[in-house]
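Okay, thanks everyone. I'll put the structure up now, and then we can walk through a few spots together.

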Amino acid sequence: MCMMLAKSNASWFKKVLTFQEWTELKKKQGGGLPVVTLADGTMLSESIPTSRYIAKKCGFYPGDALLAHRCDFTVGAFTDAYFAFFDAVTSKDNEKISAVVNEKFPAFLNKIEEGLGKMKWMAGE
């Protein structure tokens, strides 16, 4: 999100919260981190929908429905792979970690390659 905001020259700032600040903010907005507060006070939370919102507002999300699908497909595939790896590593179970590395990651890479087809990039020109 920070990279999109910086690249777009949007007016923004990043605030790192203390645990106490996060406890208070969580009561107000009811979601998870990160939290983006808009100029009118609206609070957005959760990384994927907030990133998509910023991408749309800053011109990084395609207007074409097929290209938008490709963006969402890519984010979904990366998210699935990330959470599979995170769950395996935090379990500290070597068999789960091996299964992710030897089965899930190759399946993820195949999914990305299939999504590319003959295109050079997952979305855009």
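Before I start, one term: when I say contact, I mean heavy atoms within 4.5 Å. And keep in mind that this is a predicted model.

With that in hand, let's go to threonine 74. You'll find threonine 74 in helix α4, which covers residues 65–91. So, is threonine 74 buried or exposed? Its relative accessibility is 16%, and the cut-off for buried is under 20%, so threonine 74 counts as buried. And what does threonine 74 touch, if we skip its neighbours within four places in sequence? Those contacts are with Ile112 and Met122.

Staying on α4, have a look at phenylalanine 83, which sits in that helix too. Phenylalanine 83 has a relative accessible area of 46%, so we call it partly exposed. Phe83 also joins Tyr82 and Phe86 in making a nonpolar surface patch of about 330 Å².

Okay, over to helix α2, residues 19–29. Which residues are buried there? Trp22, Leu25 and Gln29 are. Looking down the axis of α2, those buried residues fall within an arc of 70°, so they line one face of the helix. Flip to the other side of α2 and you get Gln20 and Lys27, which are exposed.

And what covers the buried residues of α2? The cover includes two strands, β1 at 35–37 and β2 at 43–45.

Last stop, just after that helix: α2 is followed by glycine 30, and the phi of glycine 30 is positive, near 70°.

That's my tour, happy to go back to any of it.

Key: Residues are numbered from 1 along each chain as its sequence is written. This is a predicted model: local features need pLDDT of at least 70, side-chain atom pairs count only at pLDDT 80 or more; totals for chains, interfaces and linings use all residues. Side-chain values use heavy atoms; hydrogens and water are left out. Buried means under 20% relative accessible area, exposed over 50%, partly exposed in between (1.4 Å probe, protein chains only). Helices (H or I, at least four residues) and strands (E, at least two) are DSSP runs, numbered from the N terminus. The arc is that of the directions from the helix axis to the C-beta atoms. Patches are made of residues with over 30% relative accessible area and no salt bridge: like charges are joined within 9 Å, nonpolar side chains (Val, Leu, Ile, Met, Phe, Trp, Tyr) within 5 Å. Accessible areas come from the Shrake-Rupley method with a 1.4 Å probe; for residues, only the protein chains shown count as cover. A salt bridge is a side-chain nitrogen of Lys or Arg within 4 Å of a carboxyl oxygen of Asp or Glu.
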